[in-house]
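Grab a pencil and work through these short exercises on salt bridges. Each one has a task, then a solution in steps.

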Amino acid sequence: MKKKFLWVLSTFLLLFLAYCQTVPITGRQQLQLVPDQQVRSMAVDSYKEFLSENKVITGTPEAQMVKRVGDRIRIAVERYFTRNGMEQELKGYSWEFNLIEEDTVNAWCMPGGKVAVYTGILPVTKDDVGLAVVMGHEVAHAVAKHGNERMSQGLLAQLGGAALSVALANRPAETQQLFMTAYGLGAQVGILLPYSRLQESEADHLGLIFMSMAGYDPHAAVNFWQRMAAQKQGDAPPEFLSTHPADQTRIENIKRLIPEAMEHFDEARE
């Protein structure tokens, strides 16, 4: 048992050293066994399927708001990555921002910038700034490759760290299930398994930076998460809240990040 544990540990360390990447802004090292191009390809197919099976709202003020806010967040993300010499990280992105008729209080972003906002969350976001909090946070999960990280962990745990290309060829069903689990696809598209606390903190951090660079006041993030907390009813919180814990600790952490974000906000207003 001890030998097996040591073998697993040494395998993980070797893979981590060989395939680790740095999360932008936070600088955390993460395991990335999954090639971006392959994950984006899988995401494109799943996103198209989702749009074909759900009602996409177009032409309304709400739909225009989703595209308007999404485009500003996109420009901010691209500016940040270019400014820091990381523009290659966004190569192959094909951004889409769609409003979906669905009462669930939720929103999500797939790899490659495929975003869906449900109508059920709009009463909580209230306006462009509130929506920027949500979209900045979800886009942050995508550009920080949190889903890729979870899938890499799954490949390591279930398939012994096999490369995705090998896993797809030899064990396609299991690999597809790993993708669906990592990104919340399939029967419950967009309903993600909870991210780790570390990933949530990173998404809060990056999301504040992106929305501030897009010209939205980061103070709105505190108000949004307070409104989300007020949505909680008994043991059945809204889907967005169940996967994104909105407790007082999170709100206090966001408050501590606001001074940094305000530097980007002030720059955006100059």
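**Exercise 1.** Is Arg269 buried or exposed? Then find its salt-bridge partner and place both residues.

*Solution.* A bit of groundwork: this is a predicted model, where local features need pLDDT of at least 70 and side-chain atom pairs count only at pLDDT 80 or more, while totals for chains, interfaces and linings use all residues. Residues are numbered from 1 along each chain as its sequence is written, and side-chain values use heavy atoms, with hydrogens and water left out.

Step 1: Arg269 has 57% relative accessibility and counts as exposed (buried is under 20% relative accessible area, exposed over 50%, partly exposed in between; 1.4 Å probe, protein chains only).

Step 2: the Arg269 side chain meets that of Asp266 in a salt bridge at 2.8 Å, N to O (a side-chain nitrogen of Lys or Arg within 4 Å of a carboxyl oxygen of Asp or Glu).

Step 3: both sit in helix 12 (residues 248–269), three residues apart, about one turn of the helix. Helices (H or I, at least four residues) and strands (E, at least two) are DSSP runs, numbered from the N terminus.

Step 4: Asp266 is partly exposed, at 33%.

**Exercise 2.** Which parts of the chain does the salt bridge between Arg68 and Asp128 link?

*Solution.* Step 1: their side chains meet at 2.9 Å, N to O. Step 2: Arg68 is in helix 3 (residues 61–83) and Asp128 in helix 5 (residues 128–143), so these distant parts are 60 residues apart. Step 3: Arg68 is partly exposed, at 40%.
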